[in-house]
Amino acid sequence: MALSKEDILACEGHPTLLDRLAIATPRGQLMAMFGLGAELYVAPYERQQLRLDMLDVQEDYYLRFKDHIDRCRFPSKKKPDGQIIKLTGENPFPAIRDAMGDWPSDRGYANELLKRYVHPDYPRDAGRITPWESNFLVAAERNNELSFFSNHLPIGDEQEGLHFDTLRECVLAWATRLKPAHGQAGFSVILEIGSISGQPYTYATLQRHPGLDIHVPVAFVMESEGIFNRIKSVNWLTVLGEPILEELGGIEAARRALEPDCTLYPYPGGLLIQAGPLPQLGDTHRGLIPERYRKVAQFTRPVRFEAYRSSLFRVFEPMVGREEAVKWVRRFD
């Protein structure tokens, strides 16, 4: 069930209304929500240090939004697949670091923060999907793969404001810490963590509204194995690490191509590009493709990953996942 024209028109003037909208099956099962999201993809470096850096960024997410986080999943040597603890208000990260210890180099390391959320229109699906969540995965040393940090936020805050400035501030701080190869942030569909069942139900909405992202970091990491200089996509915020930025001609080339329509935030290790003052959904049914997003897509086209062997996300047959993935990453062309 895709969003109606009336839903979208209402959200254009009041973006916080997106927090209440959802995608459901014809029988009324919740499949996805909407919010803000960020993904940062990090090229391999010494894994113990990378795990500590990821935990620092995850702790920053917790400290900023701890009033909205009530659960944490983290691994330990006794429970390497992770254990969920209910948070009591005390910072859990000293205990998490202690439990990590000298983590085995041949095993990936993951952590997840979330709030058990009940969508007011889908109470029977309580806890399946939440707008407050953050997760990361550090790849095992034997795998020549990207690691990733991913998170979501609601669009509106508790003071009836918007989280747009907060999202930019967070992404800039996290990119400065992690020095990611690339990343993106903006409007996003929100799926059940660890499940792919909702992905096909979102695709009609993703096709119509190019400003929406979909977080599928595990799939992207698997598809891009060994390739760290090609980006997944662009969004309202696009992160380019130094190697990718230099391939595109450096900061001066970015300024010539993007300013003044886009705002550039250089940081030690890369560049954050903001495509306009506010994120946009766009609407292909009305011919509305955000022009600033187009500019960023045109600038980054030479470093876009398109070599999908399988797919980035699931789609309904007779569509082919590999073909639809390439169409989707080209949506601003």
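User: In this predicted model, in which hand does helix H2 pass helix H3?

Analyst: The crossing of H2 past H3 is right-handed. The axes of H2 (residues 47–65) and H3 (residues 93–100) come within 11 Å and cross at roughly 160°. Angles over 145 degrees count as roughly antiparallel, and H2 and H3 are therefore roughly antiparallel to each other.

User: Which residues make the contact between H2 and H3?

Analyst: A general point about helices helps here: an α-helix has 3.6 residues a turn, so residues three or four places apart point the same way. In this structure, H2 contributes Gln 48, Arg 51, Leu 52, Leu 55, Asp 56, Gln 58, Glu 59 and Tyr 62, while H3 contributes Phe 93, Ile 96, Arg 97 and Met 100. By class, this contact of H2 with H3 has six nonpolar, two polar and four charged residues.

User: Which residues of helix H10 are buried, and against what do they pack?

Analyst: Within H10 (residues 321–329), the buried residues are Gly 321, Glu 324, Ala 325, Val 326, Trp 328 and Val 329. The buried residues of H10 pack against helix H5 (199–208) and strand E9 (213–214).

User: How should one read backbone geometry, and where are the peptide bonds cis?

Analyst: As a general rule, most residues other than glycine have a negative phi, and most peptide bonds are trans. Here, a cis peptide bond joins Glu 259 and Pro 260, with omega about 0°; Pro 260 is in the loop between H8 and strand E11 (263–267). The bond from Glu 317 to Pro 318 is also cis, with omega near 10°, and Pro 318 lies in the loop between H9 and H10.

User: What is the phi of Lys 179, and where is this residue found?

Analyst: Lys 179 is not a glycine, yet its phi is positive, at about 50°. Lys 179 sits in the loop between helix H4 (164–178) and strand E8 (182–190). With 40% relative accessibility, Lys 179 counts as partly exposed.

User: Is Asp 283 buried or exposed?

Analyst: Under 20% relative accessible area, a residue counts as buried; Asp 283, at 0%, is therefore buried. Asp 283 is placed in the loop between strand E12 (270–274) and helix H9 (291–300). The side chains of Asp 283 and Arg 286 are joined by a polar contact of 2.9 Å.

User: What does Ala 257 touch, not counting residues up to four places away in sequence?

Analyst: On that count, Ala 257 touches Lys 295 and Phe 299. Ala 257 belongs to helix H8 (residues 250–258) and is partly exposed, with a relative accessible area of 31%.

Key: Residues numbered from 1 in each chain as written. Predicted model: local features only at pLDDT ≥ 70, side-chain atom pairs only at ≥ 80, totals over all residues. Heavy atoms only, no water. Axes fitted to C-alpha atoms, helices over the stretch in contact; angles between N-to-C directions. Helix = DSSP H or I, 4+ residues; strand = E, 2+ residues; numbered from the N terminus. Parallel < 35°, antiparallel > 145°, perpendicular 65-115°, else oblique. Left-handed = near helix turned anticlockwise from the far one by under 90°. Contact = heavy atoms within 4.5 Å. Nonpolar A, V, L, I, M, F, W, Y, C, P; charged D, E, K, R; others polar. Buried < 20%, exposed > 50% of the residue type's maximum accessible area, 1.4 Å probe, protein only. Polar contact = N/O pair within 3.5 Å; in protein donor to acceptor, adjacent residues only side chain to side chain.
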